[in-house]
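Me: Please take me through this model in questions and answers, with the cut-offs stated as they come up. I would like to begin with the convention for charged pairs.

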Amino acid sequence: MSEFHVVPGVVADDILAAAQGRVVDIVAETYLLHDAGHSINPDSYFLRFPDKPDSRIIALPAYLGGSVDTAGIKWISSFPGNHDRGIPRASAVLILNDYATGRPYACLESAGISAARTAASAAIAAAVLGGTWPPDGTAPAPRSVGFVGTGVIASTIGRYLRQVGVPLDDVVCHDLEPARAARLAAEFDGAGTGSLADALDRDLVVFATTAGTPYVPADTPLRPGQLVLNVSLRDLAPELLLRANNVVDDVDHCLKAQTSPHLAEQLTGTREFVNGTLGQVLRGDVTLDPGLPTIFSPFGLGVLDIAVGSVVLAEALAAGRAVTVPGFFPG
């Protein structure tokens, strides 16, 4: 790679809007590659601020093999106070590096890429754990859906749930900001807003909040067959996980940083409550108890950003919409 390219957010978002099916496919493929050992995905690194305990910037370095064969790093910030400034909570860039030379060859605005890979991961989990994977164009049995936290991630998850065939005709949205819940509800026909209890009563529950500690009590009734997408990771009391099937994206990554699975490990001193990873489920190597609810907890893997970012860059280059920076490399 001798040139350096920049992909602005508006270009990335246009490409992602037209490529949801491809994003789902490459995210599923990436889980299988990661599970088979064809990736390097070290710990994420958190930059925190003593005077802003709710804010952080995270570095996610990774290498993904297979046809992608690319290294890189996502640098993503989460500043919830941005809502009061009228700007999005999250912002991000993704740097891609050539595996042969190590040279960085692209920088992509990555907030949309991050949201898309998160949503595709959640949608794949909803489909495979709900018994409707792979999508074949036939809608599964109708199910009710509850969203807890109704920002950009929840909205993007909704679009990707549609992509994999999960119907969204019975939806309840809950948020500490009622106006935000109403905005998400307006995206689905027949959806409405409701209490936390209303959302938790649905067959499929999606957590997409910025909660730092659990607030869903240990005695909350989760029923057999209910599926919980624990995307924001810190909403559920750890005792709830001990009464459920548990699937994660990566055991070592997910059981850290005071996530609900990490708290469950601290509570029991063991990881035996984890049934397996989503990659193992996709391969058919995990058996779940149908008499229990199932909780999917994805920590978020940098290899997913590399995979989706590579698709976005390829499409931007093909369409002539990537910005080339002349002379970026000296000599």
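Reply: A salt bridge is a side-chain nitrogen of Lys or Arg within 4 Å of a carboxyl oxygen of Asp or Glu. The model is predicted, so that local features need pLDDT of at least 70 and side-chain atom pairs count only at pLDDT 80 or more, while totals for chains, interfaces and linings use all residues. Residues are numbered from 1 along each chain as its sequence is written, and side-chain values use heavy atoms, with hydrogens and water left out.

Me: How far apart are the closest N and O atoms of Arg 22 and Glu 315?
Reply: Arg 22 belongs to helix α2 (residues 20–35) and Glu 315 to helix α12, so their pairing ties together parts 293 residues apart in sequence (helices, H or I of at least four residues, and strands, E of at least two, are DSSP runs numbered from the N terminus). Arg 22 counts as partly exposed at 41% relative accessibility, and Glu 315 counts likewise at 33%, where buried means under 20% relative accessible area, exposed over 50% and partly exposed in between, with a 1.4 Å probe and protein chains only. The two residues form a salt bridge whose closest N and O atoms are separated by 2.5 Å.

Me: Which residue of helix α12 forms a salt bridge with Arg 117?
Reply: Arg 117 lies in helix α4 and its partner in helix α12, so the pair ties together parts that are 188 residues apart in sequence. Arg 117 is buried, and so is the partner. The N to O distance is 3.0 Å, and the residue that Arg 117 meets is Asp 305.

Me: Do the axes of α1 and α12 count as parallel or perpendicular?
Reply: Two packed helices are described by the angle between their axes and the distance between the axes. The axes of α1 (residues 9–18) and α12 (residues 302–318) come within 10 Å and cross at roughly 100°, the axes being lines fitted to C-alpha atoms over the stretch in contact, with angles from 0 to 180 degrees between N-to-C directions. Angles under 35 degrees count as roughly parallel, over 145 as roughly antiparallel, 65 to 115 as roughly perpendicular and the rest as oblique. That makes the arrangement of α1 and α12 roughly perpendicular.

Me: How many charged residues take part in the contact of α1 with α12?
Reply: With contact meaning heavy atoms within 4.5 Å, Val 11, Ala 12, Ile 15 and Leu 16 of α1 meet Val 308, Val 312, Glu 315 and Ala 316 of α12. Ala, Val, Leu, Ile, Met, Phe, Trp, Tyr, Cys and Pro count as nonpolar, Asp, Glu, Lys and Arg as charged, and the others, Gly among them, as polar. The residues of this contact divide into seven nonpolar and no polar, and the number of charged ones is one.

Me: How many of the 19 residues of α4 are buried?
Reply: Helix α4 covers residues 111–129, and its end C-alpha atoms are 27 Å apart, which agrees with the expected 27 Å (1.5 Å times one less than the number of residues). Just after α4, Gly 131 takes a positive phi of about 80°. The helix is largely enclosed by the rest of the structure, because its buried residues number 18.

Me: Which residue of helix α5 touches Ala 115, Ala 116 and Ala 119?
Reply: Helix α5 spans residues 152–163. The residue in question counts as buried because its relative accessibility is 5%. Not counting residues up to four places away in sequence, the one touching Ala 115, Ala 116 and Ala 119 is Thr 156.
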